[in-house]
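Biologist: Can you pull up the model? I'd like to talk through the metal sites and the ligand.

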Amino acid sequence: AKADGRGVHRFYSDDMLTGARTRKLLEDDLRAAISDGAFHLCYQPIVSTKSAQIVGYEALIRWNHPTRGLVSPADFIPVAEECGLIEAIGEWVLRTACLEAARWPGSVRVAVNVSPIQFANPALPALVTSALAQSGIAAGRLELEITEGVFLDETRSSEQMFRALKGIGVRLALDDFGTGYSSLGYLRNAPFDKIKIDQSFVRGAAEPGNRNAAIIKAIVTLADTLGMETTAEGVEVQDEIDLIRDLGCSHIQGYVYGRPVRADEALRQLGVENGT
Ligand code: C2E
Ligand code: CA
Ligand code: CA
Ligand code: CA
């Protein structure tokens with residue numbers, strides 16, 4: 001498939017991504033990507049509204065395809081989930097993020113996205129323990145971001161998974177809150193440390209009369225009451241920083257503070273000398 005340069009380009013066009021043949025090509029390339037070292041992680045700063053300091057980074061996977069160039073995770077993660085490759089990719093992400101975070105100051109956290117498929121695998125706690133031990137970072141520095149997708153089936157086993165992960169001491173964040181199948185019932189029993197407010201609520205929130213600000217305020221009030229932190233995602237301009245701070249969010253993530261950058265650039269942002 002890879003030799004067929006022009007074909008590959010066409011096969012990856014949006015309208016064809018659902019085709020079985022396209023999926024197969026993407027799948028073959030994804031499988032090769034793991035062994036070829038074609039993935040890397042970028043890191044996007046998460047900033048405290050109180051201190052205006054970087055207190056953590058979210059790890060975001062990047063795939064540099066040999067002929068297509070950078071392919072968005074929004075395009076290939078769903079395919080990896082469908083064909084079972086998400087387990088191997090997710091393990092690589094978790095181990096790599098912990099190893100790279102081990103070079104940061106001990107107060108800086110790393111957030112890692114965990115697919116609902118990984119979350120349904122009883123082997124996840126052992127993997128998390130292994131990644132922590134291998135890197136030497138404290139469990140409290142690792143935050144796992146999960147979406148409401150983890151609640152779609154088997155609430156019983158997800159309860160056990162929550163307990164096992166909290167037992168290890170890692171933090172849990174509910175990602176993309178407010179999109180999809182939101183139910184407040186999820187918040188009642190699940191031990192989240194943080195709610196990430198989806199960027200669709202931040203968009204336009206600073207404009208007069210926009211209703212998103214009221215929704216953000218309600219989410220923050222709820223999170224405060226439940227003892228959870230809040231991160232507003234996709235904050236792009238200063239007006240939004242001011243509003244988000246006024247609405248009481250504890251953290252901000254978005255282009256206004258920095259785009260996702262490679263590991264060495266994150267080290268520079270943190271004032272860590274390269275090579276030490
Ligand atoms: P997400 O977890 O919601 O990650 C946030 C996305 O918003 C990232 O897109 C980030 O680059 C983008 N973003 C951050 N700030 C801004 C902003 O100010 N404006 C705008 N317009 N966008 C902003 P990215 O890196 O393309 O990732 C897309 C999605 O792919 C992620 O959404 C996540 O669901 C998934 N993903 C990325 N890396 C991983 C991974 O390692 N594992 C898994 N399972 N999923 C991943
Ligand atoms: Ca995320
Ligand atoms: Ca998100
Ligand atoms: Ca998202």
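Modeller: Here come the ground rules, then the calcium ions, then ligand 1.
Modeller: This is a predicted model, where local features need pLDDT of at least 70, side-chain atom pairs count only at pLDDT 80 or more, and totals for chains, interfaces and linings use all residues. Residues count from 1 along each chain as written, chains are lettered from A and ligands numbered from 1 in written order, and side-chain values use heavy atoms, without hydrogens or water.

Biologist: Which residues are the protein donors of the calcium ion (ligand 2)?
Modeller: E58 (OE), N113 (OD1), E145 (OE) and D175 (OD), lying 2.1 to 2.3 Å from it. Donors are N, O and S atoms within 2.8 Å of the metal, or 3.2 Å for Na, K and Ca; water is not among the atoms, so sites may look incomplete.

Biologist: Which two ions does D175 bridge?
Modeller: The calcium ions ligand 2 and ligand 3, 3.9 Å apart. E58 lies in strand β2 (residues 54-65) and D175 in strand β6 (residues 171-177), so the pair ties together parts 117 residues apart in sequence. Strands are DSSP runs of E, at least two residues, and helices are runs of H or I, at least four, numbered from the N terminus.

Biologist: And what does D176 bridge?
Modeller: D176 bridges the calcium ions ligand 4 and ligand 3, which lie 3.8 Å apart. D176 is in strand β6 too.

Biologist: New topic. How far is E236 from a nitrogen atom of ligand 1?
Modeller: A polar side-chain atom of E236 is 2.6 Å from that nitrogen. For R62, a polar side-chain atom lies 2.8 Å from an oxygen atom of ligand 1.

Biologist: Which element gives the largest share of the shell around ligand 1?
Modeller: Strand β2, with 4 residues.

Technical notes:
Polar contact = N/O pair within 3.5 Å; in protein donor to acceptor, adjacent residues only side chain to side chain.
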